[in-house]
Amino acid sequence: MPDNNPFKKYSPSIKKRWRTTAKRTARLKPFRSRAATALRDAKIAIEDGDENAEIQVRLKAAHSAIDRAARRNIIHKNTAARRKSRLAKLAKVSQSGSGDA
């Protein structure tokens, strides 16, 4: 963003980039936030040892939110796949660990 120097001139293209970046950030932030919140809720459910049905609901919501963000190119498709994979792996380890104990 611009500094507070009133004597510094900025080109019109720079000013336009500031405007478009602000608009784009405002438009994409809800999807990024929704994905992060769903991911966090799923991890908390897994770590707290909630019921299997509750974990599956949280996993499904997290996968859906991550896929929506990836579909809109908010996060890269490989990043989305990696996050979903790690979350599923965490859930599987948690379920197998609770069954043995």
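**Charges and salt bridges in a predicted model**

Trainee: Which helix gives the positive patch its largest share of residues?
Mentor: This is a predicted model. The positive surface patch takes four residues, its largest share, from one helix spanning residues 77-100. That helix is α3.

Trainee: Which residues form the positive surface patch, and in which helix does K43 lie?
Mentor: The patch consists of K43, R82, R83, R86 and K89. K43 has 38% relative accessibility, so it counts as partly exposed. The helix that holds K43 covers residues 12-47 and is α1.

Trainee: Which residues gather in the negative patch, and where is D50 found?
Mentor: The surface patch of negative charge brings together E47, D48, D50 and E51. D50 is partly exposed because its relative accessible area is 33%, which lies between the limits of 20% for buried and 50% for exposed. D50 is found in the loop between α1 and α2.

Trainee: How many salt bridges does the structure hold?
Mentor: Side chains of opposite charge can pair when their charged atoms come close. One such pair is D67 with K84, whose closest N and O atoms are 2.8 Å apart. This pair links distant parts of the chain, with D67 in helix α2 and K84 in helix α3, 17 residues apart. The structure's total of salt bridges is three.

Trainee: Which residues are linked in a network of salt bridges?
Mentor: R58 meets D41 in a salt bridge at 3.9 Å, N to O. That pair joins helix α2, where R58 lies, to helix α1, where D41 lies, across 17 residues. R58 also meets E54, at 2.9 Å, N to O, and these two lie four residues apart in helix α2, about one turn. The network is made up of D41, E54 and R58.

Trainee: Is R58 buried or partly exposed?
Mentor: Buried would require under 20% relative accessible area. R58 has 32% relative accessibility, so it falls in the class called partly exposed.

Trainee: Which residue in the loop between α2 and α3 has a positive phi although it is not a glycine?
Mentor: Most residues other than glycine have a negative phi. Here one residue of that loop has a phi of about 60°. With a relative accessible area of 62%, it is exposed, and it is N73.

Trainee: Which helix has the lowest confidence, and which the highest?
Mentor: The protein averages a pLDDT of 90, and 94% of the residues score at least 70. Confidence is lowest in α3, at a mean of 88. The highest mean, 95, belongs to helix α2.

How values were computed. Residues numbered from 1 in each chain as written. Predicted model: local features only at pLDDT ≥ 70, side-chain atom pairs only at ≥ 80, totals over all residues. Heavy atoms only, no water. Patch = residues over 30% accessible without salt bridge, like charges linked within 9 Å, V, L, I, M, F, W, Y side chains within 5 Å. Areas by Shrake-Rupley, 256 points an atom, 1.4 Å probe, with all protein chains shown as cover. Salt bridge = Lys/Arg side-chain N within 4 Å of Asp/Glu carboxyl O. Lys, Arg positive; Asp, Glu negative; His and termini not counted. Charge placed at Lys NZ, Arg CZ, Asp CG, Glu CD. Buried < 20%, exposed > 50% of the residue type's maximum accessible area, 1.4 Å probe, protein only. pLDDT = per-residue confidence, 0-100.
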